[in-house]
Amino acid sequence: MTAETVIGAVPAKAEFRTCQYTGLKVDAAAQALIKANAVGAVVFLAVGGLMGLLVALTRWPAVHLLPAEWFYLVLTGHGANVLLFWIIFFEIAILYFASAVLLNSRLAAPKFAWLGFVLMVVGALATNVAVLQGDSSVMFTSYPPMQAKPHFYLGLILFAVGALIGCMIFFATLVIAREERTYEGSIPLVTFGAMTAAIIAVFTIASGAIILIPTWLWSLGFISNIDPLMYKVVWWAMGHSSQQINVSAHVSLWYLIAALLVGAKPLSEKVSRTAFLMYILFLQLASAHHLLAEPGLDASWKIVNTSYMMYLAVMGSMVHGLTVPGAIEAAQRRNGYDRGAFEWLRKAPWGHPAFSGMFLSLVFFGFIGGISGVVLGTEQLNVLMHNTIYVPGHFHGTVVAGTTLAFMAATYLVLPLIFQREIIWPGLAKLQPYLFGVGAAGISLFMMGAGTLGVARRHWDITFSDANLSFAHSAGAFLMMGLNGIFAIIAALGGALFVLIVVGTVLFGEKIKSGHKLTFPLFSGGGAVASHYGSEKAPKLPGTIILVAIFFVCFVLYYFINWKYLSELWLFR
Amino acid sequence: MAVTPPERRIWWNEPIERVELVWIIIAFLWGLFMFAFMIAWHFIGQQNLSKEAYRINPSAYEEKVEGFAKQYQVREEQGIPVVKPQAGGDVYLLARLWQWWPILELEQGVSYRIHLSSLDWMHGFSLQPTNVNISVYPGIEHIISLTPTQSGEFGIVCNEFCGIGHHTMTGKIYVTEQKRAEAGQPPAAGR
């Protein structure tokens, strides 16, 4: 049985071009779809990012920009647009790239892929309309009994169906590439990582369907009651798992960028792939992270689930945290930067926005998002931070400083290689990842700080000026929220610059012709340099060892500091 | 490279780098430790969230809270009863759009059975500045044995978004110092 009979598509009449920089065969249909999804992503990033700035400026007590109704409306829109639409559009682009382009294959059923794209656009618009109409300010999580308008849920459902089609196209393309023997041996590591993301995405979307379809019917009046606790269990099987899609996707991009810019090769295919496998096996348990402060759930259930079954998925991330910089160090030492512990890092292509963005994403994701995530997800420690602004602090460390920054970094490769346009304003492009990275890291840290001091998330007024019973937060909490506002402005500048560079490049960038020399070149050391180190002759990686040692010490210290905080609380059992 | 298929077809037989192996072992053991520590805290720690909870009709819960407030009210503040329950007794607190009701007056070092439930939407019990945060559901009565270890005036903030008045939803708990001499009992007698 051929791939055509499996997926019912017409036999291939795909058009290909050969990339002059990578030698990869690029299917025209895949290229068009990657472009469309990337453009969709950036549009929603622009909208959602602007909303994020408005949220941060409102939460800055000295500015307090928006009135309450607008604040809750904009906060709902911010979550949907950036956490869902920007990221998933971009991930669909990654899936098409990692399957069709990296495997030199044609994309399966491009027409279905376009259908998926249209559904995603329509869904995203429907949800945005519902939010902007003002009667669906239920936050991204939309916990019942609070109810939004039916098209709020319907939009999310349509969007998810479109994304599911994207995943199916990805799997079908893997089948086609194998059938048509477009590659030898096993799929590349980056494709393997993307496959991890796609598998988790299917689980995520299934969970979303299980909870959002009944909730939609409830909003239409066909179902009388949605149990809030049950809703939260299933909704987070979508909500948290969708963040695990991001992790798999951006870790794949780390490997991709390291390979294309310094010629890095995985230290060990087996270890890196097993680490991805840990994600598939255990990340879905994370729904429990959102249920640690809920009534009626047993401690053993909480402990097993919140720890991803004894932290095996965390181990996966810690492994990538070593193997990604390790692969870069090994490659750079091969490239001749072999002096001392850190010449490889100092002489890395820091002026290339794809590299700087990727490396900052790696550092921030590990140090800020990763460590805080484990602490927040510890059964008892959660009580210290549950629903405080520490929570958005944590996930801005993962999703903004981690995923979004990695996606931005990858965009600096997508523009010349897929859009075939030279990046306009290279000077600003060099600066952009630093600006956005510092801003994103700042908002994450200061929100975490404010949350530690008790500031609530999703809250319009921490002065409680309209409240019947007054309460005053500490001066430190106000300071943290002010600093958060300042770093949000920095992040917003970085984000706006990114959108301008992308739009400007797509519209006005110089068209790349044969023989063109890229402003931001790829690694040119040739395949031979990158191919033969690894298993037999162990590379020495002193720099990476120092980096992970620092990481581990921070992790352990921060973990125990929080237990200390917890032990000083009132007693409860 | 990570963008090309592995050079050796049989990549799963390649030996693992020592650096990687050591790190995997460290990460695995650290994970095991963190896993075990959550379990251990149930035995060595004083802060573990109770799982005691019952399904209850919101109006039935409202009646219970009103009865409780009537029985133990000591004064009124801004139209809200201030309730001083018996040491070690049951304490009922309700969440509704947009207040925590009633105001409580507890004694330091004494354990109370605090009942939490909502009459309408989800709310978030956030005791400040102590920073104890617990979700409160409509239709579920959650019971926590709580012992204040500090005295003074504490705020309850709502930290689960509950509509347009969310940021006005506050409550209050007073904790009075222990009267050891008067009671003639050792500290933390209620525990």
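These legends describe close-up views of a predicted model with chains A and B.

Residues are numbered from 1 along each chain as its sequence is written, and chains are lettered from A, with ligands numbered from 1, in the order in which they are written. Because the model is predicted, local features are reported only at pLDDT of at least 70 and side-chain atom pairs only at pLDDT 80 or more, while totals for chains, interfaces and linings use all residues.

**View 1. Confidence along chain A, with residues 526–536 in focus.** The average pLDDT of chain A (the predictor's confidence in each residue, from 0 to 100) is 93, and 95% of its residues score at least 70. Over residues 526–536 of chain A the pLDDT falls below 50, although this stretch still has 17 contacts in the model beyond near neighbours in sequence; two residues are in contact if their C-beta atoms, placed from the backbone, lie within 7 Å. Where pLDDT is low, the predicted coordinates should not be read in detail.

**View 2. The extended outline of chain B.** Three helices and twelve strands make up the secondary structure of chain B, where helices (H or I, at least four residues) and strands (E, at least two) are DSSP runs numbered from the N terminus. With a radius of gyration, taken over C-alpha atoms, of 24 Å, well over the 16 Å that the globule rule gives for 191 residues, chain B is more spread out than a compact globule; that rule is 2.2 Å times the number of residues to the power 0.38. The C-alpha atoms of chain B fill a box of roughly 80 × 45 × 30 Å along the principal axes. Chain B is divided into domain 1 (11–44) and domain 2 (53–183), with bounds from an automatic or database domain assignment, and 42 Å separate the centres of these two domains, taken over C-alpha atoms.

**View 3. The contact between chains B and A.** Here 75 residues of chain B are in contact with 87 residues of chain A. On the side of chain B that touches chain A, α1(B) gives the most, with 16 residues, and by class this side has 37 nonpolar, 29 polar and nine charged residues; Ala, Val, Leu, Ile, Met, Phe, Trp, Tyr, Cys and Pro count as nonpolar, Asp, Glu, Lys and Arg as charged, and the others, Gly among them, as polar. Strand β3 of chain A (residues 571–572) runs antiparallel to β10(B) and is joined to it by two bridges, the DSSP minimum for two strands to pair being at least two. Within this pairing, F572(A) has L146(B) as its bridge partner.

**View 4. Helix α9 of chain A and T306(A).** In α9(A) (residues 299–306), the residues K302(A), I303(A), N305(A) and T306(A) are buried, that is, 20 or more other C-beta atoms lie within 10 Å of their own, these atoms being placed from the backbone. What covers them includes α1 of chain B. T306(A) has 25 other C-beta atoms within 10 Å, and, leaving aside neighbours within four places in sequence, T306(A) is in contact with A288(A), H289(A), L292(A), G377(A) and E379(A). After α9(A) comes Y308(A), with a positive phi near 50°.

**View 5. The hairpin of β2(B) and β3(B).** Strands β2(B) (residues 73–77) and β3(B) (residues 80–83) pair in the antiparallel sense over four bridges, and E76(B) stands opposite P81(B). Two residues lie between the strands, and Q78(B) in the turn has a positive phi of about 50°. Strand β2(B) is hardly covered, with zero buried residues among its five.

Definitions and conventions
A residue is buried if 20 or more other C-beta atoms lie within 10 Å of its own, exposed if 12 or fewer, and partly exposed in between; C-beta atoms are placed from the backbone.
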